[in-house]
Amino acid sequence: MFVGKQIRLSRLLNRKSGRMLGITVDHPITRGVLPGIEDISSVLDRVVDGGPEAVTMHKGIAEKVFPPHAGKVSMIFKASAYSTQYHPHEEAIVAEVDEAVRYGADAISVGMIVGGPEQTTQLTNLGRLSREAALAGMPLIAHIYPKGSMIKDPSSADAVAYAARAGAELGVDLIKTLWTGSGESFRKVVEACPSRVALAGGDMGDNLEDYLRMTREALDVGLAGVTYGRFVWQHEDTAAVIRAIASLMHDEATVSEALDIYEEQAARRREGR
Ligand SMILES: O=C(CO)COP(=O)(O)O
């Protein structure tokens with residue numbers, strides 16, 4: 001492994017746990033300008049305050065709002081985009097590895113939707129970016145979801161295992177994919193994937209305890225990271241939620257201990273301490 005890749009990975013992965021707590025703010029092209037993400041500069045301030053390892057964003061946002069946070073958190077440079085409304089089965093490539101290097105990113109991240117004929121182009125794109133990332137010493141992250149037009153149940157363990165394994169086959173270092181609904185079924189995904197597996201947040205409602213429980217169950221069967229978005233930055237105390245998730249990931253806290261950490265952090269913030 002090139003030393004550049006080793007150095008970038010050491011910034012992305014928490015020193016204590018070896019896991020990555022990532023937050024993503026790459027939603028607008030995919031889902032619209034959702035409530036809570038309008039003022040991206042304040043979103044980033046609140047996210048970084050929670051102390052995650054990394055934040056994922058597109059190039060324009062990296063240029064406009066990331067610089068004050070450099071050195072405090074890693075930037076993951078998003079290289080593709082899809083739209084749930086206009087092209088739900090296909091990711092468009094919107095950036096390249098040389099730009100990730102120039103923007104100071106610690107990883108490049110690309111999305112891929114598998115499970116239909118649309119995956120042909122996306123496999124080609126991922127294969128190419130994998131080669132270029134390796135040459136540049138740039139860790140490669142992929143958000144891979146089995147949401148193609150031929151998939152009946154995108155959260156079934158077989159479909160998610162297929163998605164994760166496709167990324168591992170093409171040299172992805174960390175694959176972010178969907179929750180399968182239980183630790184038992186998610187274990188199949190992790191066991192079939194020789195690369196690190198991370199979890200997307202998804203549409204989990206607004207219950208913090210459910211969110212933490214999903215994270216704990218996945219960690220217990222080998223999850224290596226999370227890249228969470230909406231739930232975290234739409235929450236009234238973003239930083240406190242991140243600290244609670246960090247306690248699960250890096251200190252092996254239980255769900256109830258993580259909830260206590262959330263309460264304590266949220267109270268501290270309310271009192272301005
Ligand atoms: O990957 C994501 C968006 O790119 C995950 O974010 P959510 O937690 O909002 O699903």
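The largest cavity of the structure is lined by Leu9, Leu12, Leu13, Met20, Pro139, Leu140, Ile141, Asp173, Leu174 and Arg196. The model in which this cavity was identified is a predicted one. About 50 Å³ of space lies within the largest cavity, and the count of cavities of 30 Å³ or more comes to one. Two elements, helix 1 (3-12) and strand 7, each contribute at least two residues to the lining of this cavity. In composition, the lining comprises eight nonpolar and two charged residues, with no polar residue. Under this classification, Asp173 and Arg196 are the charged members of the lining.

Open pockets were examined next. The largest pocket has a volume of about 280 Å³, and its lining consists of 23 residues. Of these, His27, Arg31, Tyr145, Lys176 and Arg230 lie nearest the centre of the pocket. Helix 2 (28-31), strand 7, strand 10 and helix 10 (230-233) are the elements that give two or more residues to the lining of the largest pocket. Strand 7 thus appears in the lining of the largest pocket and also in that of the largest cavity. The lining of the largest pocket divides into seven nonpolar, nine polar and seven charged residues.

The ligand occupies the space of the largest pocket. Strand 7 (140-145) and strand 10 (225-228) are the elements that supply two or more residues to the shell around the ligand. The shell is formed by Thr24, Asp26, His27, His143, Tyr145, Lys176, Gly201, Gly202, Thr227, Tyr228, Gly229 and Arg230. Among these, His27, Tyr145, Lys176 and Arg230 also belong to the residues nearest the centre of the largest pocket. By residue class, the shell contains two nonpolar, seven polar and three charged residues.

Polar contacts to the ligand involve both side-chain and backbone atoms of the protein. An N or O atom in the side chain of Asp26 is placed 2.7 Å from an oxygen atom of the ligand. For His27, a side-chain N or O atom likewise lies 2.7 Å from a ligand oxygen atom. Gly201 contributes through its backbone, with an N or O atom at 3.2 Å from an oxygen atom of the ligand. On its own, the ligand has 300 Å² of accessible area, of which the protein covers 93%.

The second largest pocket has a volume of about 220 Å³. Its lining is made up of 15 residues, and those lying nearest its centre are Phe66, Gly71, Val73, Ser74 and Asp106. Helix 4 (59-65) and strand 3 (74-78) each provide at least two residues of this lining. The lining residues of the second largest pocket are divided into seven nonpolar, three polar and five charged.

Methods: Residues are numbered from 1 along each chain as its sequence is written. This is a predicted model: local features need pLDDT of at least 70, side-chain atom pairs count only at pLDDT 80 or more; totals for chains, interfaces and linings use all residues. Side-chain values use heavy atoms; hydrogens and water are left out. A residue is near a molecule or strand if one of its heavy atoms lies within 4 Å of it. A polar contact is a pair of N or O atoms within 3.5 Å; within protein, one must be able to donate a hydrogen and the other to accept it, and residues adjacent in sequence count only if both atoms are side-chain atoms. Accessible areas come from the Shrake-Rupley method with a 1.4 Å probe; for residues, only the protein chains shown count as cover. On a 1 Å grid over the protein atoms alone, a cavity is a set of points where a 1.4 Å probe fits but cannot get out, and a pocket is an open set with protein on both sides within 12 Å along at least five of seven lines; lining residues have an atom within 4 Å of a point. A molecule sits in a cavity or pocket if more than half of its atoms lie within 2 Å of its grid points. Helices (H or I, at least four residues) and strands (E, at least two) are DSSP runs, numbered from the N terminus. Grid points are joined across faces, edges and corners, and a volume is the space filled by probe spheres set on the points.
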